[in-house]
Amino acid sequence: MERARCLEMIHPELEEMLVVTIMGACAQELYDLGHRENFFYLQHAMGLASSIGLGLATHLPAERVLVLDGDGSVLMNLGTFATLARYRPANLIHVVFDNGSLLSTGGFDSHTATEVTDLAAVARGAGVDHVVSVANEMEFGEAFVDAVERDAMTVIVARVRATGPDHYGMDLALPENAFRFRRWIAERRARGPVTPRISLEK
Ligand SMILES: Cc1ncc(C[n+]2csc(CCOP(=O)(O)OP(=O)(O)O)c2C)c(N)n1
C-alpha cells in the first residue's frame, strides 16, 4: 500500500478537520493533493505532530483532529502513546504511516523495518483502547471511516511502502502556514458551533 494513495482516498473528507502532518514526504503528498487552510504541516519538529494534535483536540473539543504521522517520528516521541492514552480525546485520530524508513532524509531503516518494533502493540501497551493495524487500501479506508464514526480516540498504524514524492517544495513557509491555520480555526469558531461532517462511504 502507498501512503500517497491513502491520502488521496481521505483527502476529500478532510475539509472540516484540523489536519496536522509530519514534515517531508507525507506533508508534500498531502500538499500536492491540494492544500487547505485547515492543514498544518509540522516542519522540523520531528516526533511532535501527535503532541500538537493532542493539544488541539483537548482545547478544541468540537473539532475533529487528524494527525498524519510516520514511524520514525513516532519512535522519536514514543511516550506520546502514553500521553494520548491518558487524555484520550474522543475527537482525535492518529494515523501512523509505518514505512519502516526515515524516508524523507534518505531512506534509512527505522526500528520497524524488520518488524522488530510493533507500533500498534506499543500503542496498546501504552493504554490506547482503539488501535488498528492495516496493510491494504480496503482496510485503511474501513479503519478511517470507523475512526471518524467512533466517539473515541483511535490510532491507526498503516503499513505502507517506503516510497515518496519525486519532488519537494511547498509555496508555504511554516510561519505563514501556522498563522493561516490558526486563523481558520478562529474564524470557524466565530461563526458558531462546529458540527463535524462525516460522509465517507463504507
Ligand atoms: C529532531 C529531528 N531530527 C531529525 C530530523 C530530520 N528528519 C526530517 S524527516 C526525518 C524522517 C522522518 O521519518 P518518518 O517519520 O518515518 O517519516 P517518512 O520520512 O518516512 O515519511 C528526519 C530524520 C528532524 N527534522 N528533526
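In the predicted model, the shell around the ligand draws at least two residues from each of three elements, namely helix α2 (25-33), helix α4 (71-76) and strand β5 (101-102). Of these contributors, α4 gives the most, with 3 residues in the shell. The ligand is surrounded by 18 residues, among which Gly70, Gly72, Ser73, Leu103 and Ser104 come nearest. In terms of residue character, the shell comprises 10 polar residues, 7 nonpolar residues and 1 charged residue.

Strand β1, formed by residues 18-21, is covered on both faces: Leu18 and Val20 are buried on one side, and Val19 and Thr21 are buried on the other. This arrangement can be read against a general property of strands, in which, when regular, the side chains alternate between the two faces of the sheet. Two pairings of β1 were identified, each in the parallel sense. With strand β3 (residues 65-70), β1 pairs in the parallel sense over 4 bridges, and within this pairing Leu18 stands opposite Val65 of β3. With strand β2 (residues 39-41), β1 likewise forms a parallel pairing, here over 3 bridges, in which Val19 has Phe39 of β2 as its bridge partner. The path from β1 through α2 to β2 makes a right-handed β-α-β unit, and the helix of this unit, α2, is also one of the elements that supply at least two residues to the shell around the ligand.

A second unit of this kind is made by β7, helix α7 (residues 137-149) and β8, and it too is a right-handed β-α-β unit. Its strands, β7 (residues 130-134) and β8, pair in the parallel sense over 5 bridges, and Val132 has Ile156 in β8 as its bridge partner.

The loop between β8 (154-159) and α8 contains Met170. This residue is classed as partly exposed because 15 other C-beta atoms lie within 10 Å, a count that falls between the limits of 12 or fewer for exposed residues and 20 or more for buried ones. When neighbours within four places in sequence are left aside, Met170 is in contact with Gln28 and Tyr31. The C-alpha atom of Met170 is separated by 18 Å from that of Glu8, a residue 162 places away along the chain. Helix α8 itself (residues 174-190) consists of 17 residues and reaches 24 Å from its first C-alpha to its last, close to the 24 Å expected at 1.5 Å a residue. After α8 comes Gly192, for which phi is positive, near 125°.

Positive phi values were also found in residues other than glycine. His44 has a phi near 75° and is placed in the loop between β2 and α3 (49-59); this residue is exposed, since 7 other C-beta atoms lie within 10 Å. Arg88, in the loop between α5 (80-87) and β4 (92-98), has a positive phi near 25°. With 18 C-beta neighbours inside 10 Å, Arg88 counts as partly exposed, because a residue is classed as buried if 20 or more such atoms lie within that distance.

Note on methods:
Residues are numbered from 1 along each chain as its sequence is written. This is a predicted model: local features need pLDDT of at least 70, side-chain atom pairs count only at pLDDT 80 or more; totals for chains, interfaces and linings use all residues. A residue is near a molecule or strand if its C-beta atom, placed from the backbone, lies within 6 Å of it. Ala, Val, Leu, Ile, Met, Phe, Trp, Tyr, Cys and Pro count as nonpolar, Asp, Glu, Lys and Arg as charged, and the others, Gly among them, as polar. Two strands pair if DSSP finds at least two bridges between them. A crossover is right-handed if, with the strands pointing away from the viewer, the path from the first strand over the helix to the second runs clockwise. The expected span of a helix is 1.5 Å times one less than its number of residues. Two residues are in contact if their C-beta atoms, placed from the backbone, lie within 7 Å.
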